[in-house]
Amino acid sequence: MSTLPGITLAVLLLAAHSVAADGLVLKKDVELKGSAVAGKEGPLFLTADKIESTGPDVVVASGRVEARQAGLNFFSDWLRYDITQHQVQARGGVRLEQTAMVVTGDSLLFNLDDYSGELTHPVYQFTMLPGHEKTSVGSDVAPSHQSAAAATTGRGNASHIDFINENQCTLQDAIYTTCPLGDDDWFLKVGSLDLDRSRNVGTARDVSLHFLGVPILYAPWMDFPLNNVRKSGILAPTFGTTQRSGVDLLVPYYLNLAPNYDATLYPRLLSKRGVQLGGEFRYLLDDAHGVNRLEYLPNDSVAGRSRWSAALSNSYRLNDTTEAGMLFNRVSDNDYFRDLSNLLAVTSLTQLDREVWLTTQHANWNASIRAQSYQTLQDSTSTTPIPRPYALMPQARLGVSKMFGSGLEFIMDSEATRFSHATLVDGTRVLAYPTLRMPLTNSFGFLTPQIGWHSTYYALDNTTTNPQHISRNLPIFSLDSGVTFDRPFHFAGQDYEQTLEPRAYYVFAPYRKQDNIPNFDTGLLDFSYAQMFTENQFIGGDRVNDANQLTVAVTSRFTEATSGLERLQVTLGQRFYFSDQRVTLNPGDPVRTTSSTDLLAAIVARSRATGASIPHGSSTPRTAPPSARTLAPPIAPAPAAW
């Protein structure tokens with residue numbers, strides 16, 4: 001027996017002539033990753049505190065052992081290598097690194113010819129080496145330049161692992177999760193787990209799904225993808241009971257038809273009503289995208305009739321500037337959501353939108369045309385009917401903007417709308433609002449005067465209480481101003497930049513009588529910080545408030561000096577009125593009796609994680625590149641969701 005002492009002794013355990021014959025060239029590899037070019041025929045390099053030969057074809061190493069062959073790295077306290085059988089035995093702090101998997105354990109037996117073997121008490125994780133990340137459809141994408149570390153895609157532990165070949169292994173009494181290290185919110189606990197990296201599929205037997213340490217689902221068998229590639233199969237079922245429908249069981253089945261379109265079928269058992277069938281189809285093409293859902297409940301045992309719902313949403317890009325689309329939402333009866341949905345936000349729906357539109361966007365102008373109507377769902381438990389909104393049959397809009405060399409800006413918003421209703425006054429409204437504004441800005445403040453002319457014309461049908469033709473014209477003047485003061489600020493060991501930003505906004509609009517104008521689509525805006533700096537307290541075209549008012553506010557921001565991240569924003573504001581209110585939403589509504597609003601305070605705080613995720617100045621291309629035209633992974637649909 002011969003002994004080779006040394007701290008960094010390297011041994012080449014392959015005949016030199018075979019290496020030369022294959023034309024291999026040795027290169028420095030500080031990460032001990034080796035070259036995958038040589039494959040199984042490449043040499044094995046071994047370093048350790050102590051290396052000894054116990055026979056003609058056996059080498060034993062101990063103390064900080066590192067061994068590497070192309071595509072494989074071994075680390076342990078002790079290692080035995082049988083050159084004839086190409087077999088490695090290791091124990092004590094064993095770590096095995098493969099191309100896409102790292103596993104540690106107590107003792108290892110591994111064959112270098114077929115990559116078969118076993119390891120006791122393994123702790124494993126799958127990785128993707130930099131430069132070989134996969135998209136959600138499995139195609140290679142450009143490497144990230146932000147981190148050179150491998151990205152973990154799945155990890156866990158087991159009592160024993162059997163390596164079958166380079167891509168397949170079987171684990172006993174295993175745990176599997178894709179959560180980040182130290183954050184095991186959910187995991188699979190399985191009796192037997194087969195992992196096939198060639199197909200990126202894991203197959204589990206005797207499996208239970210745990211969430212926050214609590215088992216929530218058991219299955220004798222299931223399979224799942226090992227990466228982000230979508231996979232056809234059963235999604236997580238939902239189970240519950242309701243007084244209206246009894247036992248409620250929904251089992252969705254996902255169909256991964258292609259990277260850019262898929263479908264979900266979700267049969268649903270309602271013990272009191274029968275079996276409901278549902279389906280959802282999603283697609284994402286170069287110039288079109290949409291989500292379409294249908295549900296059908298034949299012969300509802302409680303209602304005594306068949307029931308259905310449809311929710312269709314599709315958009316089509318005709319060219320770089322023009323887009324068309326449609327929405328169609330409809331249910332078979334007023335109580336559909338109340339009887340069949342478990343979501344409070346859905347059961348309270350009363351107006352279902354149906355519309356088609358065509359829009360075009362250009363540098364200095366934009367235009368759109370659309371037709372819109374609603375299905376109004378009445379509340380069968382109430383005697384008060386729910387009013388139906390006016391239908392737009394159709395509405396055309398035109399917007400124009402132009403900036404002149406002096407800084408003067410011209411903006412005009414205009415529209416022409418035909419309003420239709422089954423029981424109320426029909427009519428046509430034509431509106432135009434051209435404005436001129438002159439923004440004056442410098443490094444510490446701004447002053448923006450604006451003047452506009454608001455003009456509206458109505459042609460009413462079959463009216464007995466209002467004139468058939470009504471015109472309304474009024475000027476509107478506003479003056480917006482603000483300054484910014486800043487100073488360095490130090491707090492809790494961190495340097496900040498604090499600003500103080502007072503702002504004043506004045507609006508004047510003369511009174512025009514509007515009680516004889518019908519209310520087609522107008523409502524009162526909720527009082528908020530954004531509404532304080534608007535000319536009109538109404539939203540819609542049928543009311544323009546009379547105004548002689550001043551809004552004053554002050555904002556202070558605390559921004560990190562190094563990163564520019566805004567941590568805190570504090571705002572105080574109030575509006576003061578210099579004349580009494582005369583225009584109301586509806587004739588007879590009470591008018592304002594105070595000379596000012598309440599003091600409005602707003603505080604916005606951002607943590608480091610939240611603030612860092614907020615995009616600034618970003619934009620999304622109108623047509624996504626081919627690698628981005630993939631749908632998000634599916635989730636189980638909510639019953640009667642909208």
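The legends below describe close-up views of a predicted model.

**View 1. A nonpolar patch on the surface of the predicted model.** Ile234, Phe239, Val247, Leu249, Val251, Tyr253, Leu265, Leu269, Val275 and Leu277 together make a nonpolar surface patch of about 880 Å². Strands β19 (246–250) and β23 (274–284) are the elements that give two or more residues to this patch. Phe239, another of the residues in the patch, is found in strand β18 (residues 238–242), and its relative accessible area of 64% lies over the 50% cut-off, so Phe239 counts as exposed.

**View 2. The aromatic pair of Tyr336 and Phe337.** A search of the whole structure finds 17 aromatic pairs, and one of them joins Tyr336 to Phe337 in an edge-to-face arrangement, with 5.7 Å from centre to centre and 80° between the planes. Both Tyr336 and Phe337 are buried.

**View 3. The ring pair of Tyr529 and Phe533, with Arg503 over Phe533.** The ring centres of Tyr529 and Phe533 are 5.2 Å apart and the planes stand at 65°, which is over 60 degrees, and the pair is therefore edge-to-face. Tyr529 is partly exposed, with a relative accessible area of 29%, whereas Phe533 is buried, with a relative accessible area of 12%. Arg503 lies over the face of Phe533, at 3.8 Å from the ring centre.

**View 4. The charged end of Arg582 over the ring of Tyr511.** In this view the charged end of Arg582 sits 3.7 Å from the centre of the Tyr511 ring.

**View 5. An aromatic cluster.** Phe74, Phe110, Tyr115 and Phe163 belong to one aromatic cluster.

How values were computed: Residues numbered from 1 in each chain as written. Predicted model: local features only at pLDDT ≥ 70, side-chain atom pairs only at ≥ 80, totals over all residues. Heavy atoms only, no water. Patch = residues over 30% accessible without salt bridge, like charges linked within 9 Å, V, L, I, M, F, W, Y side chains within 5 Å. Areas by Shrake-Rupley, 256 points an atom, 1.4 Å probe, with all protein chains shown as cover. Salt bridge = Lys/Arg side-chain N within 4 Å of Asp/Glu carboxyl O. Helix = DSSP H or I, 4+ residues; strand = E, 2+ residues; numbered from the N terminus. Buried < 20%, exposed > 50% of the residue type's maximum accessible area, 1.4 Å probe, protein only. Phe/Tyr/Trp six-rings, centres within 6.5 Å; stacked < 30°, edge-to-face > 60°. Lys NZ or Arg CZ within 6 Å of the ring centre and 35° of its normal.
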